[in-house]
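Here are a few exercises to work through with the model open in your viewer. Try each task before you read its solution.

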Amino acid sequence: MAELTLRHARQIIEATFAKGREMGLKPLTVIVVDAGGHVKAFERADDTAPGRFGIAHGKAHGAIMMGAGDRALMKRAEDQAYFIAAVNGVFGGALVPVPGGILIRDAEGAILGAVGVTGDTSDNDAESGLAGIEAAGLTGEA
């Protein structure tokens, strides 16, 4: 199994920001966590709200802790709101089940970590994060 390195994390963040600029998005906040949910790297663009760290972290943390990409988590939140609310309590409020929380997988499909992106619409956050993961030579699962 490959390892999510600091180099990968920095590449993901840089490419996510680049995709956001290309798409004309609002300033983004991006966090990369490893397979244990520990922060590997984090950057917040100029002119973003300080609370964006918590949102980006909740998207990435939720994806890695639940082993599911943002689309699956959002569907589960819609179908099983009480379950997601309970799990969010277990996770200390660090679960944001909307697009922008993306699993990072290696070529064999093993989960290496997750990316959390916030700042624009959730769908745009996810699109830019997927581009960042691909630019690092890894596979994203939204």
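The exercises go from the overall fold to single side chains.

A word on the ground rules: this is a predicted model, where local features need pLDDT of at least 70, side-chain atom pairs count only at pLDDT 80 or more, and totals for chains, interfaces and linings use all residues. Residues are numbered from 1 along each chain as its sequence is written, and side-chain values use heavy atoms, with hydrogens and water left out.

**Exercise 1. The overall fold**

Work out the order of the elements and check the radius of gyration against that of a compact globule.

Step 1: Count helices and strands, taken as DSSP runs (H or I, at least four residues; E, at least two) numbered from the N terminus. You get 5 helices and 5 strands, and from the N terminus they run α-β-β-α-α-α-β-β-α-β.

Step 2: Take the radius of gyration over C-alpha atoms; the globule rule is 2.2 Å times the number of residues to the power 0.38. For 142 residues a compact globule would come out near 14 Å, and the protein has 14 Å, so the two agree. The C-alpha trace spans about 40 × 35 × 20 Å along its principal axes.

Step 3: Sort residues by relative accessible area: buried is under 20%, exposed is over 50%, partly exposed is in between (1.4 Å probe, protein chains only). On that scale 46% of the 142 residues are buried.

**Exercise 2. The two sides of H3**

Find the buried residues of helix H3 and say what covers them.

Step 1: In H3 (residues 70–79), the buried ones are Asp70, Leu73 and Ala77. They sit on the same side of H3 because they cover an arc of only 65° around the axis (directions from the helix axis to the C-beta atoms).

Step 2: Recall the helix geometry: an α-helix has 3.6 residues a turn, so residues three or four places apart point the same way.

Step 3: Now flip to the face turned away from the buried side, which carries the exposed residues Glu78 and Asp79.

Step 4: Look at the cover over the buried residues, which includes H2, helix H4 (81–90), strand S3 (101–105), H5 and strand S5 (139–141).

**Exercise 3. Salt bridges**

Which side chains does Arg71 meet in salt bridges?

Step 1: Use the cut-off: a side-chain nitrogen of Lys or Arg within 4 Å of a carboxyl oxygen of Asp or Glu. The whole structure has 6 such salt bridges.

Step 2: Arg71 pairs with Asp70 at 4.0 Å, N to O, and with Asp123 at 2.8 Å. The Asp123 pair joins H3 to H5, so parts 52 residues apart in sequence are tied together. Asp70, Arg71 and Asp123 thus form a network.

Step 3: Check exposure. Arg71 is partly exposed at 41% and Asp123 is partly exposed at 47%, while Asp70 is buried at 1%.

Step 4: Try another pair: Asp125 and Lys59 meet at 3.0 Å, N to O. Asp125 is in H5 and Lys59 in H2, so this one ties together parts 66 residues apart. Asp125 is buried at 1%, and Lys59 is buried at 3%.

**Exercise 4. A serine in H5**

Is Ser128 buried or exposed?

Step 1: Locate Ser128 in helix H5 (residues 122–135). Its relative accessibility is 0%, so Ser128 counts as buried.

Step 2: List its contacts (heavy atoms within 4.5 Å). Leaving aside neighbours within four places in sequence, Ser128 touches Thr16, Lys19, Gly20, Leu25, Leu28 and Val117.
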